[in-house]
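Student: Could we go through this model together? I'd like to see how the words people use for it are earned.

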Amino acid sequence: MKREVDIWDYAGQITKATDKGILLTTKQGDKVNTMTIGWGHLGTIWFKPVFIAYVRESRYTKELLDQTGEFTVNIPLGQVDKNIIAVCGSKSGRDMDKVKELALTLEEGKTVAVPGIKELPLTLECKVIYQQAQAPEAIDKDCFDRFYTPGSRNEGDYHTAYYGEITAAYIIE
């Protein structure tokens, strides 16, 4: 069962949870993939509520997201199994079925083909209305050095910002 909510009533919880890790889920055909994200913004653009998610160019999630233009954001309410956040933040959907491996419970979306995840019950359904690849030359030097250090595994692996219009928000009960 899904109980619809006003996202602004949960804005503080969404923001705080993002710092600890939330899930961004995509779906292409029968393949559902989810990954941990720690960067995101809740706001308004063009008079629409949006969640802005940042996904590195190398991620499998980006491949799926670019094909479908839809995603869900899955946010814990209360405690969450830290193993879910750890596995989804360190393993690739190219190499394993994280949903199956973690025995996650999927809940069919209302306005998108992407499911919510019951274990992280506060769900935002999003349709991409804008996306922008990072311009490396525009990144502050301190941030560049910290997140894209030349010679590191992240060198050249910049992010794309996906502005997802929030088309539904609910708690899976």
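Tutor: Sure, we'll talk about cores and pockets, keeping in mind that this is a predicted model.

Student: What makes F51 and L124 part of a nonpolar core?

Tutor: A core is a set of buried nonpolar residues joined through side-chain atoms within 4.5 Å. F51 and L124 belong to the largest such set, with 23 residues, so each counts as buried, meaning under 20% relative accessible area. Along with F71, V73 and I75, they have the most contacts inside that core.

Student: Which elements give two or more residues to this core?

Tutor: Helix 1 (11-20) does, and so do strands 2, 3, 5, 6, 9 and 10. Strand 10 gives the largest share, four residues.

Student: Why is the group with V32 and C88 called a second core?

Tutor: Its eleven residues, V99 and L102 among them, form a separate core. Membership takes side-chain atoms within 4.5 Å, so a separate set is one not joined to the other by such links.

Student: What makes M35 and R56 lining residues of the largest pocket?

Tutor: Lining residues have an atom within 4 Å of a pocket point, so M35 and R56 must each have one. They are among the closest to the centre, out of 25 lining residues. The pocket holds about 490 Å³ of space, and strand 3 supplies the largest share of its lining, four residues.

Student: How do you know which residues in the second largest pocket's lining count as charged?

Tutor: Asp, Glu, Lys and Arg count as charged, so K16, K20 and K82 qualify. That fits the split of five nonpolar, four polar and three charged.

How values were computed:
Residues numbered from 1 in each chain as written. Predicted model: local features only at pLDDT ≥ 70, side-chain atom pairs only at ≥ 80, totals over all residues. Heavy atoms only, no water. Buried < 20%, exposed > 50% of the residue type's maximum accessible area, 1.4 Å probe, protein only. 1 Å grid on protein atoms, 1.4 Å probe; cavity = no way out; pocket = protein on both sides within 12 Å on 5 of 7 lines; lining within 4 Å. Points joined across faces, edges and corners; volume = space filled by probe spheres on them.
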